[in-house]
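Reader: I'm new to looking at protein models. Could you walk me through this one and tell me how the labels are earned?

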Amino acid sequence: LLSGRDTVGSSNMENDVSLMFHQQLFFISENLVTEDVAALKFLCMDLLHLSKLEGVKSAADIFRLLMAQEYMNAEDTFLLAELLYRIKCHSLLKKLGYTKEKVQERLHEKGRVSPYRQMLYELSENITNEMLKEIIFLLQNDLPKRWGSPSALDLLTLLEKQGLLTKDNVEILEYVCKAVSPDLLEIIDCYKKAKALDGSGQLNLRSYVCIAEKQGLEWHKSGITIPSLYNFLAESLKYRDVLEYLRPHRVAQHIHIEQAGKLKIYLQLSFFFSFLQTISSYKMDGPHRGFCLIINNVNFNSSQRKGSCKDAEQLERVFTWLGLDVRTYTDQTSGDIIKLMQTWQHVQDHKGRDCFICCILSHGESGAIYGTDYKLVSIRVLTSHFTAKQCPQLAAKPKLFFIQACQGNNIQRPVYVDTDGPTPDLPSMEERVSLSESIPEEADFLLGMATVDGCVSFRHVEEGTWYIQALCSKLQLLVPRGEDILSILTQVNEDVAKRVTPSGTKKQMPQPAYTLRRKFIFPIPVAPPPS
């Protein structure tokens with residue numbers, strides 16, 4: 001038994017923990033906007049009674065309901081972490097002691113949001129305002145005659161209330177998605193495959209493979225290793241599931257059931273190769289490949305980026321060869337760049353094209369590039385103009401951004417090799433921006449940076465920058481071989497990493513970040529490479 005002093009000390013500690021927990025909840029609640037609260041309500045519909053959720057006015061109300069139902073407490077905050085992860089409020093996870101990667105690692109064992117609810121929410125995130133209007137028109141006989149301006153989540157909730165949409169019947173979604181945007185059917189199809197259950201109520205191997213098509217790339221991108229993926233699958237599945245899945249692949253006859261170790265190896269290898277084979281490619285066979293913008297900032301108030309015109313000319317030749325309609329803009333101020341993004345965001349011709357590419361050549365700082373007026377423009381702001389909601393014509397299409405600019409400026413310039421950073425007396429950003437924060441959270445983006453955060457990138461005053469010259473060289477070499485863009489960028493990394501400044505002491509390493517869902521492969525041009 002505890003002594004009186006121990007009891008008092010323990011009580012004070014518990015009070016401190018409880019106070020800290022409620023302070024965390026208050027901070028998180030205060031940093032969630034109306035749309036976030038609506039998303040949380042929707043994701044909790046399988047956990048909390050609808051009548052209680054209808055009275056929710058703030059995130060704090062939801063937190064109180066979850067605690068009352070013992071879904072979370074000061075010792076176990078994973079459900080809240082999962083919810084924040086689902087609505088992409090990753091910056092708030094650190095308040096709970098989590099990171100995006102830590103949540104991803106534990107979702108398979110502790111996740112509470114159902115696959116059905118996840119599927120509906122993902123659909124809502126990919127439904128643009130124009131799509132929503134079309135869906136409401138198609139369903140007008142099933143909807144209230146007088147309905148204001150519902151969101152996609154409002155519409156899905158109403159369909160559930162009317163019994164037209166359930167976890168076992170998603171036909172109405174398939175009907176409207178097929179009519180409005182067939183790409184959305186992929187989300188529903190994956191859910192239906194993953195819903196296949198075996199007798200014990202556990203997902204079978206085929207379902208895990210389907211889930212991995214969507215989740216595997218995310219895990220890989222976040223640094224979760226293939227062995228950990230192997231272990232998760234090996235421990236989660238039953239041997240008969242393995243045999244059931246492997247038999248059509250004509251390898252089951254080679255497995256000795258009594259040899260558990262070998263069976264686990266076959267499980268791991270079968271899943272891994274199935275996973276690799278199921279990653280498909282983006283559609284790149286349309287009548288028009290897409291637009292390629294090149295922003296080439298050469299002349300600044302007190303300096304000139306010599307060699308940049310060489311980069312711009314090479315990019316224009318290569319991307320024209322690859323079938324893109326190239327537009328080049330020179331010496332753009334920060335305001336010009338923003339206006340340019342806004343203009344191209346609303347170009348209707350995107351609809352009939354396969355992809356969109358933007359190349360920016362300028363000075364830069366962490367997470368941003370400079371206009372010729374020496375004012376910073378956030379890379380995140382630039383890319384966010386082309387999300388599915390902001391630019392519906394490019395929804396589900398790959399959007400590639402290549403940024404040739406320093407992400408720091410703490411080295412001296414050699415005589416013949418210049419750096420793409422501002423002069424030392426210019427103000428710099430106090431905080432660095434991680435690369436993952438420079439691209440939108442949604443799918444289908446790739447950001448190719450000339451250098452890692454905080455470092456300079458090098459430019460030869462006559463031959464151009466290391467990164468752009470390597471990029472153009474590898475595109476011409478590897479596109480005719482059928483290589484995908486990530487494989488090409490790996491080769492670019494290798495090429496640039498081998499280069500050194502004339503002093504032999506300075507090097508550079510490019511860094512890509514991406515949310516691509518499929519392989520991006522340029523069709524092989526009929527004409528030979530331009531150089």
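Reader: How many helices and strands does the chain have?

Author: This is a predicted model, and its chain has 20 helices and 12 strands.

Reader: How much of the chain counts as buried?

Author: Of its 531 residues, 48% get that label. The chain still exposes about 26,200 Å², and 51% of that comes from carbon and sulfur atoms.

Reader: Let's try a single residue. Why is Thr465 called buried?

Author: Buried means under 20% relative accessible area. Thr465 has 1%, so Thr465 is buried. You'll find Thr465 in strand β11, residues 464-465.

Reader: What makes the link between Thr465 and Asp311 a polar contact?

Author: A polar contact needs a suitable pair of N or O atoms within 3.5 Å. The side chains of Thr465 and Asp311 are joined at 2.6 Å, so the distance fits. The side chain of Thr465 also makes a polar contact with the side chain of Gln404, at 3.5 Å.

Reader: Why is Glu70 called exposed?

Author: The label exposed takes over 50%. Glu70 has 69% relative accessibility, so Glu70 counts as exposed. Glu70 lies in the loop between α4 (59-68) and α5 (78-86).

Reader: And why is Lys88 called partly exposed?

Author: Partly exposed covers values between the 20% and 50% cut-offs. Lys88 has 34%, so Lys88 counts as partly exposed. Look for Lys88 in the loop between α5 and α6 (100-110).

Reader: What is the phi of Glu70, and what is the phi of Lys88?

Author: Phi of Glu70 is near 60 degrees, a positive value in a residue other than glycine. Phi of Lys88 is positive too, near 65 degrees. Most residues other than glycine have a negative phi.

Reader: Now the inside. How many cavities of 30 Å³ or more are there?

Author: The count comes to 4. The largest cavity holds about 80 Å³ of space.

Reader: Which helices each supply at least two residues of the lining of the largest cavity?

Author: Those are α8 (129-138), α9 (152-161) and α10 (171-180). The most comes from α9, with 4 residues.

Reader: How do you know that the lining of the largest cavity is nonpolar?

Author: Leu, Ile, Ala, Val and Cys are among the types that count as nonpolar. The lining residues include Leu123, Ile127, Ala152, Val176 and Cys177. By class, the lining has 12 nonpolar, no polar and no charged residues, so the label holds.

How values were computed. Residues are numbered from 1 along each chain as its sequence is written. This is a predicted model: local features need pLDDT of at least 70, side-chain atom pairs count only at pLDDT 80 or more; totals for chains, interfaces and linings use all residues. Side-chain values use heavy atoms; hydrogens and water are left out. Buried means under 20% relative accessible area, exposed over 50%, partly exposed in between (1.4 Å probe, protein chains only). Accessible areas come from the Shrake-Rupley method with a 1.4 Å probe; for residues, only the protein chains shown count as cover. On a 1 Å grid over the protein atoms alone, a cavity is a set of points where a 1.4 Å probe fits but cannot get out, and a pocket is an open set with protein on both sides within 12 Å along at least five of seven lines; lining residues have an atom within 4 Å of a point. Grid points are joined across faces, edges and corners, and a volume is the space filled by probe spheres set on the points. A polar contact is a pair of N or O atoms within 3.5 Å; within protein, one must be able to donate a hydrogen and the other to accept it, and residues adjacent in sequence count only if both atoms are side-chain atoms.
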